Amino acid sequence: MSAKKNSLSDLFGKIVRQQIFIPIAALFILLLFNLIFDPGFFVITLGENSAGDPVLSGNLITVINMGSELAILAIGMTFVTAASGGQDISVGAAIAIAGSVLLRVLCGDNTRPAAGELQTSFLVAFIVSCIVAMAFGAFNGVLVSIFKIQPMVATLILYTAGRSIAAWINNNELPIISDPEFGYFGGFIPGIPVPTPVFIAIACMIVAALVLKFTNLGLYTQAVGINENSSRLNGLNPVFIKWLTFVILGLCVAVAALIKVSRLSSINYSVIAKDIEMDAILAVALGGNALSGGKFNLWASIIGAYVIQLLTTTLFKYEVPSDALPAYKAVVVILLVVFSAPTVREKLAHLKKSPAAKKGVA
Amino acid sequence: MSEGALLELRGIYKSFPGVKALQNVDFNLRKGEIHALMGENGAGKSTLIKVLTGVYTKDEGDITLDGQSVNIRSPQDAQHMGISTVYQEITLCPNLSVAENIYIGRSDNVIQNWKEMFSGAEKMLKALDIPAEATAQLASCSIAVQQMVAIARAVDMDCKVLILDEPTSSLDDQEVQKLFKLMRDLKERGVGIIFVTHFLDQVYEVCDKITVLRDGKLVGEYPIKELPRVELVSKMLGKELDDMSEIKTHDVVKDDDDSVPVIYEAEGLSSTEGIKPFDFHIKKGEVNGFVGLLGSGRSECVRAIFGADRVLSGTVKKNGKIVKIQKPIDAMKNGIAYLPEDRKVDGIIGELSVKDNIILALQVMKGFFKPLSKSEAEAFAAEYIDMLKIKTASADTPIKSLSGGNQQKCIVARWLLTHPEYLILDEPTRGIDVGTKVDIQKLVLKLAEEGMSITFISSETDEMLRTCSRLIVMRDRKVVGELKGEDLTQSKIMSTIAGGEVQS
């Protein structure tokens, strides 16, 4: 009996020490909170939208829908963090640029194209915006990897300049695309009741999983993040690997931008994806990843992203005014970060362990 | 309590999950005694010291200091009681002045009297005969002086017990002598010194007593005169040791034997690290080495061979063909492997698992798009953990939680896994326990017998003499001689390093 209890408490300790435990626990606590105070939170209804297509709606759908961009960005941010030991704070501005490029390529000089008047296909526009976003990522990457500027300082440049560059790309006009098909990426594809961003996010996760499985990106970024000298002496090129992570983040930015712009079928340079960089960094931190680089757990970051979205949605649900939202969020974030701190977790693991162990002996 | 006893530890127990680190350990230190604490890595030396300095709390046992039973709960406690520690890594602030480092964090006053501080520091440096200016920035002093400043700081805090944890591993001989002089001065003043080191020579030079630990248990306490070296080593290992003499029985590949092909050849090689262009070659199955004082350029030479520093000039031939080696990956692709001198800075990837550390080099050679499968990686790791007898809880344990010797074995495993033709080992035995040292030397000779060419560098000349059949002597970043055959003696090496008349 005592042996069994011991192994149980050991198991508990093991689980608590797992990196992915904190974001999952946070997710469950938030869900539990909603379950207790308003089980209606979990209601999902199948309705019809204005075009008469079936759509799912409900708070949980909102979470996985609105959390898509953040989850996608968390992927890139995790790699950047792992390899460079720093964060990219320009992703919000970069989304504005990528979105602006997307619209510019689609609309050309005509800022109000009617359906069918688009200059080119969505695919071409998306590819161009990917290239531009990756180029800006590469720019950040060069500053960080070759010139050894601290990532936050290096990306501060684009953070400051990005939104005006985005406005400049479209001559400060705000193009609106009336073609309903453009709205599919951020909304619903007729006949499919699940929001499209969810599929895009899942696709990104699958790609990330495949990349981690079939390449050495994970091993290389971690090795470089932990010990650059050793990595170099083992034949790696730390400069290139750090640079590469910024380019990958650029790609994630382009995908997120597509969703963001499609949601509105337009763009607002100063507001689009505002402060999303901080949420993306937070997602990485909530996932228990060291912001100083090195070992990472991508899935923990992604869950972290959904935790943030769940928190936002929950707060909205309880009619917290959007101005006050950050303050509430901050309180929860402080709690989460404190609990995910290694010292606290170590204590927690012991705390639960020792009484159980004592009981077992008695 | 016996006369003159300063510190007594009785029946100390300490365990960690799954490990009994200390079991019923006793330790005695008298006033004015230099006491060596010896044992292999993992024998419990570090744990004992950490118990003594309050980093860990003991599970059981009594500590008596100056006749009073004490309970040390934190490093601050230990410091207040007069137990000071100087670690292998300097734990001072390099960007502050020497004086600031001595006084930092010790005054409760808000206002610091700088004049007094500097003059106080100046006085102390003089009293302890430390060659440093109180106003100099610490980083501008040599490592040895920094170490001495750390000791000065400890001494000034009225320390009764001074613990020196591997203070000499990054010092050269002269610096070690200076440190020893300081230790003897302190001994005269009645300070009890606990000295932890892997260098047997140093133990016999400066210590009065030796306490040996093995597997967390006390083996015994011996006056230095009653314990010859061989016995000390066998006590540390727990077996009679003929191993050392067994080494060096293999058929030495003669450098002049023309039937043996040259594996690697360099002409006029130089790098950004300021070594004079040098020529070098190694034959199949040969073990050679670079000797010279610390800073003579021996590491820089092998780093140039591996492309670890930027190569400035020279032609390199591998198996007779001219190849370009500019970066480590070039060398690796040419079958050259390099175990770097500084394990922590250049070798291990601390947070990664033993497994990932072992497969890293092979993985990099295979390429970005060809990761080893999980089962392959696990099989490789298991094979080498078994072959090199790496002590680790599992292949997934982070390498940084292993002892130094086992970390080093992992790095050796990493390179063996790439099946190199030419293996460079730069100080593979530094800071690791005697048992592993012997293992590594044996391994070198075994690999050479199997046809691998090896360059071996060690600060301990007897290790070099035991393993190498040809030695390249370095002085002031220049190759000054080459010794082989009957010239391979300690005195010949010394005279070549010092005078260097022998030109080859």
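Select Gly367(B), which follows directly after helix H13(B) and has a positive phi of about 115 degrees. Helices (H or I, at least four residues) and strands (E, at least two) are DSSP runs numbered from the N terminus. The model is predicted: local features need pLDDT of at least 70, side-chain atom pairs count only at pLDDT 80 or more, and totals for chains, interfaces and linings use all residues. Residues are numbered from 1 along each chain as its sequence is written, and chains are lettered from A, ligands numbered from 1, in the order in which they are written.

Next, select H13(B), residues 354-366. At Leu360(B) it bends by about 50 degrees (the angle between axes fitted to the seven residues ending there and the seven starting there). Of its 13 residues, 11 are buried (20 or more other C-beta atoms within 10 Å of its own, with C-beta atoms placed from the backbone). Add H9 (217-226) of chain A and H11 (328-333), H14 (374-387) and H15 (404-416) of chain B: the buried residues of H13(B) pack against these helices (contact: C-beta atoms, placed from the backbone, within 7 Å).

Now move to the sheet of chain B. Six strands form an open, mixed sheet in the order E16-E17-E18-E13-E19-E20, where two strands pair if DSSP finds at least two bridges between them. E16 (336-339) and E20 (478-484) of chain B are the edges; each has a single partner strand, so one side of each lacks a neighbour in the sheet.

Finally, select E16(B) with E17(B), residues 422-426: the two run parallel, joined by four bridges. Ala337(B) has Leu423(B) as its bridge partner in E17(B).

Note on methods:
Expected span 1.5 Å × (residues − 1). Buried ≥ 20, exposed ≤ 12 C-beta atoms within 10 Å, placed from the backbone. Contact = placed C-beta atoms within 7 Å.
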